[in-house]
2 protein chains.
Amino acid sequence: MLELPILGLLHEEPMHGYELKKRLDETLGAVTGVSYGSLYPALRRLERAGAIEVVEPDGGPSPIPMTGSIGGETAAARVRRVLTPSRRKRKEYRITDRGADVLEGLLKASEDAGDERAFALKLAFCRHLAPEDRMALFERRRDWLTQKLARVRGALGAGAGPGRRDLYTRSLMEHDDEATERDLAWIERLIAEERQISGQPGAEQPA
Amino acid sequence: MLELPILGLLHEEPMHGYELKKRLDETLGAVTGVSYGSLYPALRRLERAGAIEVVEPDGGPSPIPMTGSIGGETAAARVRRVLTPSRRKRKEYRITDRGADVLEGLLKASEDAGDERAFALKLAFCRHLAPEDRMALFERRRDWLTQKLARVRGALGAGAGPGRRDLYTRSLMEHDDEATERDLAWIERLIAEERQISGQPGAEQPA
DNA sequence: GCATCGATATATCGAGGCGATATATCGTGG
DNA sequence: CCACGATATATCGCCTCGATATATCGATGC
């Protein structure tokens, strides 16, 4: 599931794993926790799939030819350290053309309509999407929430008899119902704003 | 994570896996999906740990002594089938004393304060808890939500500069902020109600 | 009788998520 | 000069979950 946000961030600029995680935490920390146990395997999958590639560290692909002597190498290392306060050797990742396609595919995918996390992730990077695809994304979400609301309502009503069902469970369901209503209202607001934007084309958003 | 709701349901009455799933779906379907791929392994874990045990199918542990002949056995099976419309041989699970302890331990556990799912699960079965422990559970949740709210606020404010941060991401964070506020208000309502209840002891909830 | 079908029921597999943990390296301050 | 915390990459084991396999039961139709 991390593929999408990884590609989304790398689409803006190349980065190494650690920074990727920091960015993910700060942008999506509220909605999804990210651990290295997910991040690094995801990076390897993406690399294997040819969606991202490793670029040479900071100094660029400058050759720094072998001196043939150990001493020469350590001296070169010392120079490097002085010139750039380069941290531990880090692997910087860059998105490929193939990766950009993969990103678009993930953003357009419609399977996971019922996954809060997946939607939040897509929303965070949906600016890379064509307006019509973005609208489709929002509407799929709206439809799913509508269905969920009906389901929750049904389950709430099914509390047949007087004292049926636990008080705490009932409260939980009522809160869930309310939260779903809010989610729905939010999506509908997003859709309305989206219509306005596409109504006056050429009004690109800055930054 | 399914251990808790499984034990919670079995604490009320013995059940077999399929029915367990139906009950889990209807009670918690809104908050957590349950799949067999999680359910059956969880049941095996619980059985290995001695928290639950399999009881003999419907007919009870009635001996039905071996007849010593194949024919006798099949005849006995035919009788069983006629007497009780028993479905496919199903494994009915029952909670053990050890399991009741495990359940209480899981309900009291404080590690997972920041897990929506875990809290919903606990809430659904917190009636098995002593009032003070239930209150502690609620307060832990409230404290965690308070911290989360502060974090989200911080992240929202950190959008330094004028046009910083994507519009959609910003909307996502604002919605998250609002949702967290609602969650917090809900918990505080629960806590207030809880205080009232413990204020007038002897007022047990029916059903 | 019996073929067939949908609901009931148990179980496993592989891919992936995640917390815990290991292992380096760098910058800082004692 | 070295201890320590932040930076950085990586793996392990347990768990979740969707997909799938496999039985069995009850009902329906012929």
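This is a short tour of a predicted model with chains A and B, stop by stop.

**Stop 1: chain A as a whole**

Start by selecting chain A and colouring by secondary structure. You will find eight helices and three strands. Walking along the sequence, the elements come in the order α-β-α-α-β-α-β-α-α-α-α. If you then colour by burial, 22% of the 207 residues in chain A come up as buried. Contacts that link distant parts of the sequence are well represented here: among contacts in chain A with a separation of 6 or more, 74% join residues 24 or more positions apart.

**Stop 2: A:H16**

For one such long-range link, select A:H16, which sits in strand β1 (residues 15–16) of chain A. Now add A:E92: the two are 76 residues apart in sequence, yet their C-alpha atoms are 4.1 Å apart. Setting aside residues up to four places away in sequence, A:H16 touches A:R90, A:K91, A:E92 and A:Y93. Is A:H16 buried or exposed? It falls in between: A:H16 has 18 C-beta neighbours inside 10 Å and therefore counts as partly exposed, since a buried residue needs 20 or more.

**Stop 3: A:L121**

Next, move to A:L121 in helix α6 of chain A. This residue is buried, with 25 other C-beta atoms within 10 Å. Beyond its neighbours within four places in sequence, A:L121 is in contact with A:L4 and A:P5. Add A:L2 to the selection as well: A:L2 and A:L121 are 119 residues apart in sequence, with 8.8 Å between their C-alpha atoms.

**Stop 4: two helices of chain B**

Switch to chain B and show helix α1 (residues 3–12) together with helix α6 (residues 116–125). Their axes come within 10 Å and cross at roughly 10°, so α1(B) and α6(B) run roughly parallel to each other. To see the contact itself, select B:L4, B:P5 and B:G8 on α1(B), then B:L121, B:K122, B:A124 and B:F125 on α6(B). By type, the contact residues are five nonpolar, one polar and one charged.

**Stop 5: helix α7 of chain B**

Staying in chain B, select residues 131–157, which form helix α7. How many residues does this helix have, and how far does it reach? It has 27 residues and spans 39 Å from first C-alpha to last, close to the 39 Å expected at 1.5 Å a residue. Buried residues in α7(B) are B:R134, B:L137, B:F138, B:R141, B:L145 and B:V152.

**Stop 6: where the chains meet**

Now show both chains. The contact between them takes 30 residues from chain A and 30 residues from chain B. On the chain A side, α2 (17–28), α6 (116–125), α7 (131–157) and α8 (167–199) each supply at least two residues. The largest share, twelve residues, comes from α8(A). Sorted by type, the chain A side has 17 nonpolar, six polar and seven charged residues.

**Stop 7: the axis**

Finish by superposing the copies. A turn of 180° with a shift of 0.0 Å along the axis lays chain A on chain B with an RMSD of 0.1 Å. That is the relation of a two-fold axis. To find the axis from chain A, select A:A179, whose C-alpha is the nearest to it in that chain, at 3.6 Å. Finally, 100% of the interface residues of chain A are also interface residues in chain B, so the copies meet through the same surface.

Terms used:
Residues are numbered from 1 along each chain as its sequence is written. Chains are lettered from A and ligands numbered from 1 in the order in which they are written. This is a predicted model: local features need pLDDT of at least 70, side-chain atom pairs count only at pLDDT 80 or more; totals for chains, interfaces and linings use all residues. Two residues are in contact if their C-beta atoms, placed from the backbone, lie within 7 Å. Helices (H or I, at least four residues) and strands (E, at least two) are DSSP runs, numbered from the N terminus. Ala, Val, Leu, Ile, Met, Phe, Trp, Tyr, Cys and Pro count as nonpolar, Asp, Glu, Lys and Arg as charged, and the others, Gly among them, as polar. Copies are superposed by least squares on the C-alpha atoms of residues with pLDDT of at least 70 in both. Axes are lines fitted to C-alpha atoms, for helices over the stretch in contact, and angles run from 0 to 180 degrees between N-to-C directions. Angles under 35 degrees count as roughly parallel, over 145 as roughly antiparallel, 65 to 115 as roughly perpendicular and the rest as oblique. The expected span of a helix is 1.5 Å times one less than its number of residues. A residue is buried if 20 or more other C-beta atoms lie within 10 Å of its own, exposed if 12 or fewer, and partly exposed in between; C-beta atoms are placed from the backbone.
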